[in-house]
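Please read the following points beside the model, with attention to the ligand site, one aromatic pair and two backbone details.

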Amino acid sequence: MREINLAYTEVGTGPAIVLLHGYPFDRSMWREQIDFLSANGFRAIAPDLRGLGEMSDKLQFVAAADHHEAKRQAEAYRTITSMEDMARDVAALMDELRIDHATICGLSMGGYVAFEFVDLFPTRVKALVLAGTRAPADNEQERQAREQQVDQMLAKGMNGIAEASLPKLLAPRTHAEKPEVVALVREMILRADPHGAAAAQRGMAARRDYSDDLAGIEVPTLVIVGRDDPIRPVADAEFMHARIPGSRLEIIEDAAHMTNMEQPSVFNQALLGFLGLEVES
Ligand code: MLT
């Protein structure tokens, strides 16, 4: 039973590409890709993943007639959103839009969701784009750091998280030359619902190790990474590229974690080159 209807943007006609945002962001991070892909013959779909973006106030519980069950679901949602939950939400959205299969493109947390999606619904994936993400699970120290961040955001909101993470999310050149991108990323973090973000953060801490899945990925795959990304560095991308058969690797200069916002033209061209070869042929 799916309890949630995703808020989403859908523009264009043609082969479908589903864009999955990172944490604690929302679908607005894909604006440049939505415009570009839809202008280039693709149907771009970008949902707000469960608990983030507009989704924070769009909860719909089909069991709402049963007050206790609705409450239980609401509490569960507040606690943890697994990467699998998010992948199943995406599949439900594709059902609703009558999209049988699509290219799945995920950045960072969106990449974890993409890993779950291709595992759960392999026949619905035409191609895969994995940007700024990694296959291994968290170690104990990383899990604890996530739990501390959850405590911080639930107690004090997103402000501290935004200021602490901006230096790592964006490359020095973006900070120096693209204040509008810095502002967009800051605003996205500040408007995230701390409860939804906390649930996603716990879901990431609990995610499984996807390393053993890599050799079994049979769809064309593009791995993208920012040269200056300290969060998911080039070595993480090389790890995936080395194990996913036939995958391509694109390293984007003067970009850190938010490659698609920092260097949208380079990101878009890489995407188009890949999609043109793999999806349209
Ligand atoms: C993201 O951008 O989605 C996060 O950095 C992912 C993570 O914390 O593992």
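Which residues are around the ligand?

1. The residues around the ligand, counted when a heavy atom lies within 4 Å of it, are Gly22, Tyr23, Phe25, Ser108, Met109, Tyr112, Arg146, Met204, Ile231, Arg232 and His257. This is a predicted model, in which local features need pLDDT of at least 70 and side-chain atom pairs pLDDT 80 or more, whereas totals for chains, interfaces and linings use all residues. Residues are numbered from 1 along each chain as its sequence is written, and side-chain values use heavy atoms, with hydrogens and water left out.

2. By class, the shell comprises six nonpolar, three polar and two charged residues, where Ala, Val, Leu, Ile, Met, Phe, Trp, Tyr, Cys and Pro count as nonpolar, Asp, Glu, Lys and Arg as charged, and the others, Gly among them, as polar.

3. Polar contacts (pairs of N or O atoms within 3.5 Å) are made to ligand oxygen atoms: a side-chain N or O atom of tyrosine 112 lies at 2.5 Å, a backbone N or O atom of methionine 109 at 2.8 Å, and a polar side-chain atom of serine 108 at 3.0 Å. The ligand taken alone exposes 270 Å², of which the protein buries 92% (Shrake-Rupley method, 1.4 Å probe).

4. Serine 108 lies in the loop between β4 (102-107) and α4, with helices being DSSP runs of H or I of at least four residues and strands runs of E of at least two. Phi of serine 108 is near 55 degrees, a positive value in a residue other than glycine.

5. A cis peptide bond, with omega about -5 degrees, joins tyrosine 23 and proline 24; proline 24 is found in the loop between β2 (16-20) and α1 (31-39).

6. There are three aromatic pairs, taking rings of Phe, Tyr and Trp (its six-membered ring) with centres within 6.5 Å, and calling planes under 30 degrees apart stacked, over 60 edge-to-face and the rest tilted. The rings of phenylalanine 115 and tyrosine 210 have centres 4.9 Å apart and planes at 25 degrees, so this pair is stacked. Because phenylalanine 115 lies in helix α4 (residues 109-120) and tyrosine 210 in the loop between α9 (194-205) and β6 (221-226), the pair ties together parts that are 95 residues apart in sequence.

Definitions and conventions: A polar contact is a pair of N or O atoms within 3.5 Å; within protein, one must be able to donate a hydrogen and the other to accept it, and residues adjacent in sequence count only if both atoms are side-chain atoms.
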